[in-house]
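Please look through the structure shown here with attention to how its charged side chains pair, and then to what is covered and what is left open to the surroundings.

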Amino acid sequence: MNRTVRDPGTLALRILLALRKFVLTFALICLLVTCSFLLFLRSMALDPLLVRENAWLTFLNILLLTALLCILDSIRRAMVLKRPVRQILRAMERIQAGDFSVRIAPLHGGRHVDEFDAIIDGINRMTQELAGVETLRTDFVASVSHELKTPLAVIKNDAAMLCAPGLTQEARQAYARAIAGTSQRLAELITNILRLNKLENQQIYPNAADYDLGEQLCECLLAFEESFTGKRLDIHTGFEDGVVIHADAELLSLVWNNLFSNAIKFTPPSGRIGVTLTREADFVAVCVSDTGCGMSPDVGRHIFEKFYQGDASHTAQGNGLGLALVRRVIDILGGEISVVSHPGEGSAFTVRLPMSSMTRGA
């Protein structure tokens, strides 16, 4: 603000504006005085010579009255307009500098509010939202940086061991497989970050069509056949026939793939996984249950947050983005997801999609 005041161009402009205001006020007062003379003084018997002799005094009085009115108007503007404008401009400068802790005190209290109070309230709410967004952005960048560093460090260490002399062929293959697996998880992490970013910024729009939901669930399950066969998992399914859903099949496949992947990952060998599809009163419900490690209520409250991993023993198998993707997809499609879990007893995720977007099959 001080730099603006001292700027010669700005100072000259202010002087010109002040002169213009003075001239306009002077002209208005002269018009009023002239009209008064024309309307009222004609009926009065005044000596024309006396009127001419007092003309200069009248002119000086008009100049003095004009100056007084301009001064009073400047004081009024300084109190009523310039003070809140300066407060708002100072706050905006701090916001532009990245300080989102700015809050402007209201000019009036109670019911005596004006337009400036409305503007100040809007700025305060904007800075509060920006502060929350900045916190989320900072946390997201920190989490992404951490998640990227971990697999890169593993790849670097395995690559260094792979270059060590005297390794057996089996050891070299083991290190190569470790590098390939970590690289795959890194690629999946980046893909999920990009998907989640597009979903959160509404850059992906549902392409809805009618399709059989039971068939899609079977296809997604078959894609994990090697995984649940390797762990000797018992898969139980119960699909109601003829459930045709009107939704985006590609987006919903992300939901089922993530839920199936988590169920397989957290279920010990020879465990049990259940998948059911049923119609409820106003919803179609898909439930994915397992007999895995389960989770505490505190962990369950955070599992849909980005990069949150409640079970530290499985952090190498995931990146904490799967359930965040699931929640975002379900929100976009107008559904809801819930989880019931107990430590040591397993978990059950239930996805409900509204019947209003469904068409019953034959």
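In this predicted model, the side chains of Arg 94 and Asp 99 come together in a salt bridge, with a nitrogen-to-oxygen distance of 2.8 Å. Both partners are partly exposed, since the relative accessible area of Arg 94 is 42% and that of Asp 99 is 25%, and the class of partly exposed residues runs between the limits of 20% and 50%. Side chains of opposite charge can pair when their charged atoms come close.

The pair just described belongs to a set of five salt bridges, counted by the rule of a side-chain nitrogen of Lys or Arg within 4 Å of a carboxyl oxygen of Asp or Glu. Another of them joins Asp 73 to Lys 21, with 3.4 Å from N to O. This salt bridge links distant parts of the chain, as Asp 73 sits in helix α4 (residues 55-96) whereas Lys 21 sits in helix α2 (residues 8-40), and the two are 52 residues apart. Asp 73 is partly exposed at a relative accessible area of 23%, and Lys 21 is likewise partly exposed, at 28%.

A further salt bridge, between Arg 125 and Asp 121, has an N to O distance of 3.0 Å. Here both residues belong to one helix, α5 (residues 115-162), in which they are four residues apart, or about one turn of the helix. An α-helix has 3.6 residues a turn, so residues three or four places apart point the same way. Of this pair, Asp 121 is partly exposed, with a relative accessible area of 39%.

Uncharged side chains also contribute to the surface. Leu 65, Leu 68, Leu 69, Ile 71, Leu 72, Ile 75, Met 79 and Val 80 make up a nonpolar surface patch of about 730 Å². Within this group, Val 80 is placed in helix α4 and has a relative accessible area of 45%, which makes Val 80 partly exposed.

Which residues are buried in helix α11? They are Gly 322, Leu 323, Ala 324, Leu 325, Val 326, Arg 328, Val 329, Ile 330 and Ile 332. Because nine of the 11 residues of α11 (residues 322-332) are buried, this helix is largely enclosed by the rest of the structure; the cut-off behind that reasoning is a relative accessible area under 20%. Just after α11, the backbone reaches Gly 334, which adopts a positive phi of about 80°.

Technical notes. Residues numbered from 1 in each chain as written. Predicted model: local features only at pLDDT ≥ 70, side-chain atom pairs only at ≥ 80, totals over all residues. Heavy atoms only, no water. Buried < 20%, exposed > 50% of the residue type's maximum accessible area, 1.4 Å probe, protein only. Patch = residues over 30% accessible without salt bridge, like charges linked within 9 Å, V, L, I, M, F, W, Y side chains within 5 Å. Areas by Shrake-Rupley, 256 points an atom, 1.4 Å probe, with all protein chains shown as cover.
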